Amino acid sequence: MRLYLINPSNPLVSIVKVKESRWNRYRVWKPLGLMVLAGLTPPEWEISIIDENLGAPDYAALPRPDLVGITAFASQANRAYEVAASFRRLGVPVVMGGIHATMCLDEVMARADSVVTGEAEGVWPQVLEDAWHGRLQRRYDGGLAEIHAVQPARHDLLAGGYAFGAIQTTRGCPLNCSFCSVTAFNGAHYRQRPIADVVREFQLIRESRVLVVDDNLIGTRPEHIARAKDLFRAMAKANLRKEWIAQATINFADDEELLAVAAKAGCRGVFIGFESPTPGGLRELGKKFNLLKCRDFRASVRRIQRHNILVVGSFILGLDVDEPGIGRHIAAVASQYGVDNLNVLFLTPLPGTRLWDQMKAENRIALDTFPEDWKYYTLTFPVARYRHMSLHEITEEMLACDRDFYSLPRILRRVSRCVWQRRQPLISLVGNLSYRNNLRLNREAYADFKREYGNRRNSAKPQNCSSSTAGEGRRSFSTRGG
Ligand code: B12
Ligand code: SF4
């Protein structure tokens, strides 16, 4: 039996346009969920993972599969449905799973033969067994997996084409920020894989650089931090010869020993969500962790960097507290914190989040012709009605922010600082140029977006994602104050 596992592309996601910029090769990441699924698949299935981010194949020229599994974030849903429809027309059954299938169950059920909600570990073998015998059920619910049951991913299946391998060591996040779907999907209970399993899996990865996909690698409580230290010590002891990057909260900077063992284990970069330059913004987002009194972000960043770890700072633009001028303000604050790269995203209501419920209730979800509009849910398009900024103003704020932070003099200053401090200047340069190059792509994308949105202002009533609570028709986009 032949199984295709497919990661659909989204042509609007500039970071995956490898051909448009060679720097983007460093920003295309492996679809780990599908590699994990492959690891759970019995050997009698012949598996191919198809990542459309490296270029969609001519499916008609490929051998006909017996089953197709498709993953999707919200932003990939449109393309996922196209691919699903093309296989279903041939009579090949299609199973969909992942976060979008979980958050928008009815929408996905209408477009797939079977849907797996939640984490797949507990149900995937049953799905395959049922497919084998031609008795696929309409829905399977994996819920939250038993963390000890998480098997190593099939790292052998996607060789070549990527600069980074991928691994996951924990699931879940206790913080539940209003805009983030991780807690809704993976739960508030922070689950940690056994250290020996993680080290063994690291050894299966061929790439010398690895993305640790955990939403928060170190956790928040003393016992989480203790486990992170044990993990890093075990990784260093195993002499993995890997360099890796990860996501963490700012408390990563609070423990010198943690930083030292992380660096020794190969940590070279960390992605930290600062989210907002103002306490009001942090309160609005529920990011309590960043609100702790006496936190000096600049000193925290510097402490991390002293261990030769680059810091990418992430901010969100379009909060209710944000007013015109916020773009340049974020660029200035990020420069003042001293981050090596800045990643700014539009406040985006993702299904299943508290922000979705709130914006839905306030009728502020502007792009709500679903499923078509999901393609704009990349966090790089302003899909909502923002309190103090029109569509034009908010895209200008984003461009101003990127223009300021990624101006050539500022890039030179950051890279020279890396040379001076002996901290990976080449990687810093590549990262900065990659973001700078995307400025042009973003400008073009916003222009297309405004044209497209303008043409569709008077379009018909939208379909609704099943997690939505109201069914109101569309309103124009360019409002202040919703
Ligand atoms: C790594 C990652 C990325 C990587 C993507 C790598 C890749 N191709 O998969 C990068 C950095 C590129 C990325 C980009 C984006 N991401 Co992202 N990303 C993550 C992250 C941190 C981890 C995903 C992961 O690998 N998990 C580990 C694997 C094992 O879990 P999994 O994928 O969920 O798979 C399990 C189940 O879902 C299920 N499953 C999954 N697929 C399928 C398919 C079938 C058939 C079946 C049966 C089961 C099944 O089985 C697996 C095992 O249990 C998640 C957070 C999270 N915790 O999920 C956010 C997350 C998925 N990303 C998110 C977002 C919003 C984005 C972006 C849109 C915006 C952005 N700038 O970050 C872009 C979109 C890119 C695009 N192509 O459109 C949101 C998605 C929300 C949503 N409703 O869509 C998440 C949840 C983060 C959040 N804060 O809310 N992301
Ligand atoms: S943004 Fe980060 S800290 Fe907040 S809930 Fe999501 S994963 Fe947790």
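**Salt bridges, cores and helix 2: a briefing**

Glutamate 444 and arginine 440 join their side chains in a salt bridge, with N and O 3.3 Å apart. The two residues sit 4 residues apart in helix 16 (residues 425-455), so about one helical turn separates them. This is a predicted model. In total, the structure holds 28 salt bridges. The points below cover some of these pairs, the nonpolar cores, helix 2, ligand 2 and two further buried residues.

**Salt bridges within a helix**

- Both partners of the pair in helix 16 are partly exposed: glutamate 444 has a relative accessible area of 41%, and arginine 440 has 38%.
- Arginine 79 pairs with glutamate 82 in another salt bridge, and their closest N and O atoms are 2.8 Å apart.
- Arginine 79 and glutamate 82 both belong to helix 2 (residues 77-89), where they are 3 residues apart, about one turn of the helix.
- Arginine 79 is partly exposed at 22% relative accessible area.
- Glutamate 82 is partly exposed too, at 48%.

**A salt bridge between two loops**

- Aspartate 254 and arginine 295 form a salt bridge, with 2.9 Å between the closest N and O atoms.
- Aspartate 254 is in the loop between strand 11 (243-248) and helix 9 (256-264), while arginine 295 is in the loop between helix 10 (279-285) and helix 11 (297-305).
- The pair therefore ties together parts that are 41 residues apart in sequence.
- Aspartate 254 is partly exposed, with a relative accessible area of 44%.
- Arginine 295 counts as buried, because its relative accessibility is 16% and the cut-off for buried is under 20%.

**A salt-bridge network**

- Salt bridges link Lys229, Asp230, Arg233, Asp255 and Glu257 in a network.

**Nonpolar cores**

- The largest nonpolar core has 110 residues.
- Within this core, Phe202, Phe232, Trp244, Phe252 and Tyr377 touch the most other members.
- Another core, of 27 residues, lies apart from the largest one. Its members include Val95, Val123, Ala131 and Ala153.
- Beyond residues up to four places away in sequence, phenylalanine 232 touches Leu217, Ile218, Trp244, Leu258, Val261, Ala262 and Ala265.

**Helix 2**

- The 13 residues of helix 2 should span 18 Å at 1.5 Å a residue. The end C-alpha atoms are 18 Å apart, which agrees.
- Buried residues in helix 2 are Ala77, Asn78, Ala80, Tyr81, Val83, Ala84 and Phe87.
- The cover over these buried residues includes strand 1 (2-7), strand 3 (67-71), strand 4 (94-97), helix 3 (99-103) and helix 4 (105-109).
- Asparagine 78 is part of helix 2. Its relative accessible area is 17%, so asparagine 78 is buried.
- Setting aside neighbours within four places in sequence, asparagine 78 contacts Pro371, Glu372, Trp374 and Lys375.
- Glycine 91, just after helix 2, has a positive phi of about 85°.

**Around ligand 2**

- Ligand 2 is surrounded by Cys173, Leu175, Asn176, Cys177, Phe179, Cys180, Thr183, Asp215 and Lys287.
- This shell has 5 nonpolar, 2 polar and 2 charged residues.

**Serine 181**

- Serine 181 is found in the loop between strand 8 (170-171) and helix 6 (182-186).
- With a relative accessible area of 11%, serine 181 is buried.
- Its contacts, leaving out neighbours within four places in sequence, are Ile99, Met103, Leu350, Pro351 and Thr353.
- Serine 181 and glutamate 323 are 142 residues apart along the chain, and their C-alpha atoms are separated by 26 Å.

**Glycine 431**

- Glycine 431 is located in helix 16.
- This glycine 431 is buried, at 17% relative accessible area.
- From glycine 431 to glutamate 223 the C-alpha distance is 33 Å, and the two are 208 residues apart in sequence.

Notes:
Residues are numbered from 1 along each chain as its sequence is written. Chains are lettered from A and ligands numbered from 1 in the order in which they are written. This is a predicted model: local features need pLDDT of at least 70, side-chain atom pairs count only at pLDDT 80 or more; totals for chains, interfaces and linings use all residues. Side-chain values use heavy atoms; hydrogens and water are left out. A nonpolar core is a set of buried Ala, Val, Leu, Ile, Met, Phe, Trp, Tyr and Cys residues joined through side-chain atoms within 4.5 Å. Buried means under 20% relative accessible area, exposed over 50%, partly exposed in between (1.4 Å probe, protein chains only). Contact means heavy atoms within 4.5 Å. A salt bridge is a side-chain nitrogen of Lys or Arg within 4 Å of a carboxyl oxygen of Asp or Glu. A residue is near a molecule or strand if one of its heavy atoms lies within 4 Å of it. Ala, Val, Leu, Ile, Met, Phe, Trp, Tyr, Cys and Pro count as nonpolar, Asp, Glu, Lys and Arg as charged, and the others, Gly among them, as polar. The expected span of a helix is 1.5 Å times one less than its number of residues.
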